[in-house]
Amino acid sequence: YDAIFTLGGDGTVMGVLQALAQTGIPVGVLPGGTGNLLARALRVPLSVPKAVAALCRGYFRDVDVARLGDGRLFAFAAGVGIDATMVMETSIAAKRRFGVAAYVGAATRATLALDRFILHAMVDGVSHRLTATTALVANFGAVLHGALHLGPSILENDGMLDLCVFSPASVRDALRLGWRIARRDFATDPAMHFFRGRHIHLETEPPRGVQADGDYLGVGTLDATVLPGAARLLVPSSPAQAVTS
């Protein structure tokens with residue numbers, strides 16, 4: 001075979017990448033879930049027939065993945081705070097009825113709740129103590145086909161992970177951050193902080209829930225180590241690059 005295709009959500013993709021990481025076997029992601037974060041990040045069409053056609057005409061891209069402390073992998077992002085609350089509180093029924101909009105509603109409610117916590121972050125051995133409402137360990141930087149970016153210059157193939165910490169203290173702060181994120185304005189702001197490293201460990205006071213690529217993992221710490229170029233993915237065709245197999 002020339003490639004393996006997955007049909008499902010981000011959890012299905014990660015189950016396959018867990019087995020095929022660092023083997024060089026290419027994986028084509030067909031969107032069959034609710035969020036389809038990885039498919040959207042790779043700009044794969046959300047129609048399965050169109051995705052098949054685009055990927056079969058596509059090319060290979062080696063991207064980083066990250067290994068959690070329990071051995072499982074994630075490709076897009078893992079985090080604590082608003083994103084984990086969003087995943088935990090979005091029901092299966094809501095996802096089936098409203099699709100990705102169900103996540104948007106849950107995320108909006110969690111953001112406006114301004115549920116802050118103390119974050120202890122260790123990035124490549126350097127300690128940081130911050131107040132936060134959410135902390136994301138991001139591998140891919142863009143969501144919704146590039147409509148929103150999580151932080152500055154986040155690349156999925158640079159051998160690094162990016163820690164994005166957001167800490168609005170009021171609704172006004174949250175609205176300002178939302179506007180700045182929408183405009184990709186990541187200049188210095190007291191309510192957002194960015195760090196980059198190969199190994200990131202997060203602990204919170206009080207303990208918070210953790211999610212990875214849309215799967216809720218329960219309450220605990222988050223420990224992530226990058227595996228540079230460990231996943232070979234098929235992406236839609238480019239005039240400059242094409243699959244030759």
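The following exchange asks how several labels in this predicted model are justified.

User: What makes Phe166 and Phe194 an edge-to-face pair?
Analyst: The ring centres of Phe166 and Phe194 are 6.0 Å apart and the planes stand at 80°. Pairing requires centres within 6.5 Å and edge-to-face requires planes over 60 degrees apart, so the pair is edge-to-face. It links distant parts of the chain, with Phe166 in strand E11 (residues 161-166) and Phe194 in strand E12 (residues 192-197), 28 residues apart.

User: Which geometry does the pair of Phe186 and Phe194 have?
Analyst: Phe186 and Phe194 are also edge-to-face, at 5.6 Å centre to centre and 85° between the planes. Ring pairs thus link Phe166, Phe186 and Phe194 into a cluster. The structure holds three aromatic pairs.

User: Why is Phe166 called buried, and why is Phe194 called partly exposed?
Analyst: Buried means under 20% relative accessible area, and partly exposed lies between that and the exposed range, over 50%. Phe166 has 8% relative accessibility, so Phe166 counts as buried. Phe194 has 26%, so Phe194 counts as partly exposed. Phe186, at 16%, counts as buried. Over the chain, buried residues make up 48% of the 245 residues.

User: What makes E12 and E15 edge strands?
Analyst: The open sheet of six strands has the order E12-E11-E8-E5-E14-E15, with antiparallel pairing. E12 and strand E15 (215-219) each have a single partner strand, so one side of each is left without a neighbour in the sheet. The twist averages 15° from one strand to the next.

User: How do you know that E14 and E15 pair?
Analyst: Two strands pair if there are at least two bridges between them. Strand E14 (residues 209-212) and E15 are joined by four bridges and run antiparallel. Within this pairing, Gly209 has Val219 in E15 as its bridge partner.

User: How many bridges support the pairing of E6 and E7?
Analyst: Strand E6 (residues 117-123) and strand E7 (residues 126-132) pair over seven bridges, in the antiparallel sense. Val123 stands opposite Val126 in E7. The hairpin has two residues between the strands, and Asp124 takes a positive phi near 50° there.

User: What makes the backbone at Gln22 and Ser153 worth listing?
Analyst: Most residues other than glycine have a negative phi. Gln22 is not a glycine, yet has a positive phi of about 65°. Ser153, likewise other than glycine, has a positive phi near 55°. Gln22 is found in the loop between helix H1 (10-20) and strand E2 (27-31), and Ser153 in the loop between strand E10 (148-149) and E11. The cut-off for exposed is over 50%. At 57% relative accessibility, Gln22 therefore counts as exposed, and Ser153, at 57%, counts as exposed too.

User: Which peptide bond is cis, ending at Pro206?
Analyst: The bond from Glu205 to Pro206 is cis, with omega near -10°. Pro206 lies in the loop between strand E13 (199-205) and E14.

User: What is the confidence of the chain, and where is the pLDDT below 50?
Analyst: The mean pLDDT is 86, and 84% of the residues reach 70 or more. Over residues 239-245 the pLDDT is below 50, and this stretch has nine contacts in the model beyond near neighbours in sequence. Where pLDDT is low, the predicted coordinates should not be read in detail.

Note on methods
Residues numbered from 1 in each chain as written. Predicted model: local features only at pLDDT ≥ 70, side-chain atom pairs only at ≥ 80, totals over all residues. Heavy atoms only, no water. Phe/Tyr/Trp six-rings, centres within 6.5 Å; stacked < 30°, edge-to-face > 60°. Buried < 20%, exposed > 50% of the residue type's maximum accessible area, 1.4 Å probe, protein only. pLDDT = per-residue confidence, 0-100. Contact = heavy atoms within 4.5 Å. Axes fitted to C-alpha atoms, helices over the stretch in contact; angles between N-to-C directions.
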